[in-house]
Each structure stands twice: as structure tokens, then as C-alpha cells.
Amino acid sequence: MGYYKVREIFKKYIDGYGLTTIARNLNKRGIKSPEYFSHRKINSRRTELCKKFLWAQTSVKRILENEIYIGTLVNHKTVTSKIYKTKITVPVTEQYIHEEFLPAIIDKQTYERVRKLLESRKKSNVRASNGRAIHRYCGLIKCTECGAILIAKRRNWHDIEWVEYTCNSHHRYDKEYCTPHRIHESQLDKLIYDEVKTLMTRIVAESEKYDKIVKDWLGQKPVYDRKIKQYKEKITSLQNQIEEIIMERIADREHASIYNNMIAKREEEITELQNKIEESSQYDEVSRQKRDNLKSMADLLEEILSESKISDANLRILVMQIYVHQNEDKILDIKFEFNGDFEDSEAVNFDKETA
Ligand SMILES: [Zn+2]
């Protein structure tokens, strides 16, 4: 199968076409499935029989999940048992992965997006109906009032066409059950774009805060180093004391418990000091990591926002759920819930130790 077809399959999937639709389309155009070719290789005289190897949902999925297209060669993926003639799938950790072994047909980013889409569509049980692209917000919007999903409807009026979402309960059982919660796709697009922009600003500000912490740290490092040295000296002195106490205990066995208490107290102090040393020496390391994570997150968001409209794939990467609440006065409140990585970028308060 040509490189071209592989790219097309990835693109179609990102554009919102379902596995079955992609398979059907390939069959319609007479494009042979990978199964057709692999079977023909085994027994060339039985090519006639192979005509039935058409594209199916699973063959499309196998293409989308195959790491070979990003130039990663996975060896040792299945083990053939000679006795039972069965194939056993080897766990990922035991596979020998050679990254960038082959020239990449699909860039890593596209591959990652497709992987996340496959996951998300599986999770939200999204299926495209008859060759149509899946609606952008399908399965993502929830009605706050009744908990139902908002469903997409294609509308048109005077040659203008648009997509709107309404509460499924209202759609099915009418107004006695729930209010419409009607919102246009274009309105959501604008809201989400602004929301992601705000999120990016927040993350950038946060990363700058950590940047300052890291930079300040360099100035404060001598102070911290001095403190660490003091802690270490204190530990040595406590250890010497313990040794002396042990000697005294030997000479004064009757009062052993008193000496034991004295030892325990000093040991406790030592542990405390050791924790302080660890904290002081790792403080900058933790801040550095946090800063780097935030920076790469901000870069990703900036890239997402560089397109005038957030792509379907990026939308699924960013957004976990959208809640629509309809007020008495019919005004809608929209709340976006972002996926873990992005949600977790909350502001932090640092108890900066005054040295
Ligand atoms: Zn509702």
C-alpha cells in the first residue's frame, strides 16, 4: 500500500470520519487492503481467493495504530509458539522499539493526535452516521439541568446552513422535560478559542513565576549551601553526642532508659535535619521541572491557537467536557472542563523560606 493512502487514512480520521466510513470508501475505490497483499505473498496461486479481502473497520484501525508509520519499528511484538502455533502478544515493555528506524510517513504529532482520538472516541462512544464527518462537539457537551448529552442538528434557513446543539431530553420528550439549551457550533467555537487563550495566558504567567523562582535560587544558592553545611555539622555533633551517651550508658546500666531517651531524641533531630538538607537541595530542581512542564504546555497551546479555528483533534485533546446551564432568563452559562494536564496548571503558593 502506498504511502499516500496511509497519509489519507490518518487525515480522514482526524477530519472526523469514522473507521467504517473510511473502510467503505477505500473499498468503493477498489483499493486493496493490507490483508489482501499479505495473503497473496503467502500463496500467489490463490490470488483469486484473496479478492474477498476487503477493508474493514479493523484494518483501518490497525493502520492508525501502527507505529511503523512514524518511523518506529517495533520488533518482537508477537511471539510464535512452535508447539501450539499460536501468536502471543508481547507486553509493550518487552518489545524492542527502535525509534526513527525507518523514514517516517506520518509525523509523530499526527500519530499522537490519532491515538488520542481513537481513545476519546472509544470513551465517548461516538460513531459517525453514514459517511458524514462526526460533529465537532459530539459527546462532549452536557446539559447541567437534566444531565443529558446535547445532540447536534444540521439546520438551514434562507440558504444559510449551521450546526446547533440541543439538550437530548428536550429533543426527545419536549419542553415538559427540559429546556432546549440551544447553542450554535460557531458560538462554541468562539467561546472555546477565547477560553484556551485565557488558559494559555495563565500558564505563561505561571511558568514565569517559576522562572523567577529558579533565577532567584541562583542568587540564593550560597545562602542555602551555607545552611546545608550548618545542618551537616549539627548532625555530626549529634552523632558524637550519641556515642558519648552510649559510653555513659555502659558505665551506668541502672539508668539505661534515661540514656535511651536521650539517644532517641537526638536521632529524631538528625532525621529532621536530613529532611531539611534534602528539601534545601531539591527546591530548585522541583521548580525547574515545573517551569519546563509549563513552558512546553504553553508552547503546545500557542501552536493550537496559531490556527484560526481549533482543529477537531486538538479540541478532543484539550476538552474533557462542556457544561451548558440554562438560566431562567434563557441565558446560557457555558463551563469548560479541560483534560488533566491542562487542568492541573493551577496557581501555586510557594512558602519561600527566608534564609
Ligand atoms: Zn436537559
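Trainee: What distance does α8 span between its end C-alpha atoms?

Mentor: This is a predicted model, where local features need pLDDT (the predictor's confidence in each residue, from 0 to 100) of at least 70, side-chain atom pairs count only at pLDDT 80 or more, and totals for chains, interfaces and linings use all residues. Residues are numbered from 1 along each chain as its sequence is written. Helices are DSSP runs of H or I with at least four residues, strands are runs of E with at least two, and both are numbered from the N terminus. A straight helix of 67 residues would span 99 Å at 1.5 Å a residue (the expected span is 1.5 Å times one less than the number of residues), but α8 spans only 86 Å.

Trainee: At which residue does α8 bend by about 60°?

Mentor: The bend at a residue is the angle between axes fitted to the seven residues ending there and the seven starting there. In α8 a proline, P222, follows within four residues of the bend. The bend of about 60° is at Q220.

Trainee: What distance separates the end C-alpha atoms of α9?

Mentor: Helix α9 covers residues 256–305, which is 50 residues. At 1.5 Å a residue it should span 74 Å, so the modelled value agrees. The end C-alpha atoms are apart by 71 Å.

Trainee: Where does α9 bend, and by about what angle?

Mentor: The buried residues of α9 include Y259, S287 and R291 (buried means 20 or more other C-beta atoms within 10 Å of the residue's own, exposed means 12 or fewer, partly exposed is in between, and C-beta atoms are placed from the backbone). The bend of α9 is at Q282, by about 45°.

Trainee: Which helix gives the largest share of the largest nonpolar core?

Mentor: A nonpolar core is a set of buried Ala, Val, Leu, Ile, Met, Phe, Trp, Tyr and Cys residues joined through C-beta atoms within 7 Å. The largest one has 48 residues, of which I9, Y13, I22, V60, L64, Y137 and I141 touch the most other members. The largest share, six residues, comes from helix α8.

Trainee: From which domains does this core draw at least three residues each?

Mentor: The domain bounds come from an automatic or database domain assignment. The core draws at least three residues from each of domain 1 (3–124) and domain 2 (188–343).

Trainee: Which residues does L64 touch, leaving out those up to four places away in sequence?

Mentor: Two residues are in contact if their C-beta atoms, placed from the backbone, lie within 7 Å. By that test, L64 touches I9, F10, Y13, V114 and L118.

Trainee: Is H158 buried or exposed?

Mentor: H158 lies in the loop between β6 (150–157) and β7 (160–167), and its phi is near 50°, a positive value in a residue other than glycine. D159, in the loop between β6 and β7, has a phi near 70°. H158 has 5 other C-beta atoms within 10 Å, so it is exposed.

Trainee: Which glycine follows α2?

Mentor: The buried residues of α2 (residues 19–28) are L19, T21, I22, A23 and L26. After α2 comes a residue with positive phi, near 75°, namely G30.

Trainee: How many contacts, beyond near neighbours in sequence, does the stretch 344–355 have?

Mentor: The mean pLDDT of the chain is 79, and 77% of its residues reach 70 or more. Over residues 344–355, however, the pLDDT is below 50. Where pLDDT is low, the predicted coordinates should not be read in detail. With that caution, the number of contacts in the model for residues 344–355 is eleven.
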